[in-house]
Amino acid sequence: IYSLNFSWDPFGVLLQRKATGTVLLNTTVAPLIFADQFLQISTSLPSKFLYGLGEHRGSFLHSLDWNTLTLWARDVSPTESFNLYGAHPFYLLMEEGGDAHGVFLLNSNAMEVALQPAPGLTWRTIGGVLDFYIFLGPNPNMVIQQYQQVIGFPAMPPLWALGFHLCRWGYGSSNETWQTVRAMRNYQIPQDAQWNDIDYMDGYRDFTLDSQKFASLPSLVQDLHKHGQHYVMILDPGISSTSPHGSYWPFDEGLRRGLFLNTTQGQPLIGQVWPGFTAFADFSNPDTHQWWLENLQHFYAHVPFDGLWIDMNEPSNFMDGSEDGCPPGDFDSPPYTPAVLGDSLSAKTVCASAKQKASVHYNLHNLYGLMEAKATASALVQIRAKRPFVISRSTFPSQGRYSGHWLGDNRSQWKDMYYSIPGLLSFSLFGIPLVGADICGFSGSTSEELCTRWMQLGAFYPFARNHNTQNEKAQDPTAFSPAARTAMKDVLLTRYSLLPFLYTLFHHAHLQGDTVARPLFFEFPWDVATWELDRQFLWGRSLLVTPVLEPGVDSVTGYVPQGMWYDFYTGSSVNSSGEMLKMSAPLEHLNLHIREGSVLPTQKPGTTTEVTRGNPLRLIVALSSHATAWGDLFWDDGESLDTFEQGNYSYVVF
């Protein structure tokens with residue numbers, strides 16, 4: 001389906017799609033530069049409709065107007081044009097006529113991708129090799145499936161992972177955390193998991209418990225389990241290095257076994273994170289995975305957690321490089337430094353020259369979060385013998401096999417709510433379907449209106465967690481007026497009623513790399529009007545979500561693709577020619593539309609996934625104009641490992 005031609009002068013390759021003659025790659029447009037620490041190759045592009053290249057904050061469709069995107073994992077609040085937490089050197093491009101192709105550069109070094117209005121693109125990386133995978137589609141769904149055939153399909157999450165999660169930094173105590181859980185139960189608002197941030201620890205040290213403020217945590221976890229709920233806590237990769245010898249096993253033992261990142265002098269590299277001075281676990285070393293498991297086993301004996309939240313794993317460092325800075329040399333001061341935030345590879349992370357078991361940090365930096373996620377998922381399987389639940393901040397291609405992702409330390413602002421949608425859709429392309437943003441915003445102070453609208457949108461994040469920072473007023477559903485609280489409860493009940501449908505979408509993601517939160521153009525690639533849409537999205541092929549993203553309005557304008565669409569709540573139909581439609585949207589209402597020809601499996605919602613899964617199922621059938629419809633349901637026990645692979649499931653097509 002393609003032809004590949006080589007040219008000697010000018011040097012390069014030309015890749016063409018045979019069916020249309022479209023030139024997908026033409027690298028003769030600029031010289032190839034291939035040096036040890038500077039590799040550059042350019043290509044013309046067949047259109048300006050390009051997506052992917054994470055992790056960045058911006059519209060879903062990238063601007064090609066001299067826009068340079070840097071890939072180097074960095075701890076920084078999501079800001080336009082900065083390199084953020086993860087690195088995903090993959091793009092999807094829509095060709096004129098509706099075909100699509102994808103390009104993946106398998107390279108973990110610091111890099112820039114320079115987008116040019118020609119249209120053209122330049123890859124510039126400072127290490128590794130140029131190892132390209134091209135995916136011919138020809139439709140966008142198939143491109144993403146093909147990409148995941150290379151990087152691996154995402155893990156099947158446990159059903160409870162798809163429930164509502166609640167967290168904040170600054171509960172202050174396990175009793176205060178417990179009060180929030182009780183208040184949620186009291187108002188019968190769905191909640192599957194309660195989380196804690198770093199305040200549960202003793203002096204912010206991993207694998208410890210504040211014996212004063214969090215003494216009742218084991219009892220709280222027991223109570224959660226009794227009510228069919230789950231507990232998740234945070235872990236950071238920086239291990240406190242200042243406790244008296246013999247008093248903190250994680251550091252003593254890690255030191256004894258040689259499991260930390262080392263300086264060029266062969267001593268543990270010491271930086272600074274929440275507990276103060278820290279060493280950094282080297283997850284490229286298999287022995288570190290065993291040590292990580294043993295630490296988790298020790299903690300699990302006191303607090304039987306159900307999932308783990310791995311943060312600060314870019315890795316983040318409050319110092320640049322280390323307590324001693326970084327040595328001179330080509331790793332920390334390469335001949336060319338890509339346009340990274342802070343203008344140095346060691347800005348707010350460890351020295352690029354740091355030694356790890358597998359290689360030098362210069363090569364491994366963008367892989368740090370992936371390697372930690374792999375160790376963490378593996379430990380959870382060994383401890384609980386059930387499907388692991390891990391949420392990671394830093395990510396790299398194939399992350400979806402081990403974890404989900406949240407979009408980082410956003411703010412309680414309307415624009416942050418909008419930017420979460422391009423974030424969701426981008427991670428759908430990256431093979432990490434279990435993704436969401438902090439509902440109602442992490443930093444800053446939310447408002448009742450913003451939080452209500454955000455809970456409505458967030459109820460349709462594949463991963464739905466409300467999370468807040470310390471020293472801000474509470475923003476869980478119980479903190480608001482009866483009207484707002486009821487609106488939040490109603491939309492969560494709607495989510496829970498759709499869990500059979502959502503769970504089935506995750507099965508298809510796990511099986512063949514289908515997307516869960518889906519851009520509209522994936523279903524309507526021939527409709528150019530859908531190519532720029534990033535204020536709406538689909539669940540699968542059949543449920544259209546049109547959230548309100550601005551204050552002070554009681555209506556929302558959204559695109560309704562061609563065909564018959566049914567209002568989710570009333571069943572009333574809209575026959576669209578493919579047009580922008582104004583929809584009524586009072587504060588308590590989220591617009592949801594079902595596509596003609598689909599069958600949605602639903603369930604009477606309860607306050608947890610455990611209660612919900614025991615309730616009667618019902619089908620919503622949205623007939624096409626030809627009076628046909630189809631849908632499907634994947635169902636198993638919701639938590640056992642490899643149920644599909646072992647045949648322990650039901651799969652029904654309606």
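In which loop is the place of Arg535? In this predicted model, Arg535 lies in the loop between α12 (520-523) and β26 (537-539). With a relative accessibility of 39%, Arg535 is classed as partly exposed, because that class covers values between the limits of 20% for buried and 50% for exposed residues. Beyond its neighbours within four places in sequence, Arg535 makes contact with Tyr418, Ile421, Pro547, Leu549 and Glu550. Glu253, by comparison, stands 282 residues from Arg535 along the chain, and 49 Å lies between the C-alpha atoms of the two residues.

A further loop position was examined at Ser624. This residue occurs in the loop between β34 (617-622) and β35 (632-635). Its relative accessibility is 13%; Ser624 therefore counts as buried, the limit for that class being under 20%. When neighbours within four places in sequence are set aside, the contacts of Ser624 are with Glu596 and Gly597.

The arrangement of the domains was considered next. The protein chain is divided into domain 1, spanning residues 2-151, and domain 2, spanning residues 509-653. Taken over C-alpha atoms, the centres of domain 1 and domain 2 are separated by 31 Å. Contact between them involves 15 residues of domain 1 and 14 residues of domain 2.

The size of an interface is often expressed as the accessible area that is lost when the parts come together. For domain 1 and domain 2, the buried area amounts to about 1300 Å², of which 66% is on carbon and sulfur atoms. Of the area that domain 1 buries against domain 2, 38% is supplied by Phe60, Asn141 and Gln145, more than by any other three residues.

With regard to polar interactions, 0 salt bridges are found across the interface of domain 1 and domain 2. Polar contact is nevertheless present, with 5 residue pairs counted between domain 1 and domain 2, both residues of each pair being at pLDDT 80 or more.

On the side of domain 1 that touches domain 2, at least two residues are supplied by each of β6 (49-54), β8 (88-94) and α1 (140-151). The most is given by α1, which provides 5 residues to this side of domain 1. By residue class, the side of domain 1 that touches domain 2 consists of 8 nonpolar, 5 polar and 2 charged residues.

Definitions and conventions
Residues are numbered from 1 along each chain as its sequence is written. This is a predicted model: local features need pLDDT of at least 70, side-chain atom pairs count only at pLDDT 80 or more; totals for chains, interfaces and linings use all residues. Side-chain values use heavy atoms; hydrogens and water are left out. Domain bounds come from an automatic or database domain assignment. Contact means heavy atoms within 4.5 Å. Buried area is the accessible area (1.4 Å probe) that two parts lose on being put together, summed over both. A salt bridge is a side-chain nitrogen of Lys or Arg within 4 Å of a carboxyl oxygen of Asp or Glu. A polar contact is a pair of N or O atoms within 3.5 Å; within protein, one must be able to donate a hydrogen and the other to accept it, and residues adjacent in sequence count only if both atoms are side-chain atoms. Helices (H or I, at least four residues) and strands (E, at least two) are DSSP runs, numbered from the N terminus. Ala, Val, Leu, Ile, Met, Phe, Trp, Tyr, Cys and Pro count as nonpolar, Asp, Glu, Lys and Arg as charged, and the others, Gly among them, as polar. Buried means under 20% relative accessible area, exposed over 50%, partly exposed in between (1.4 Å probe, protein chains only).
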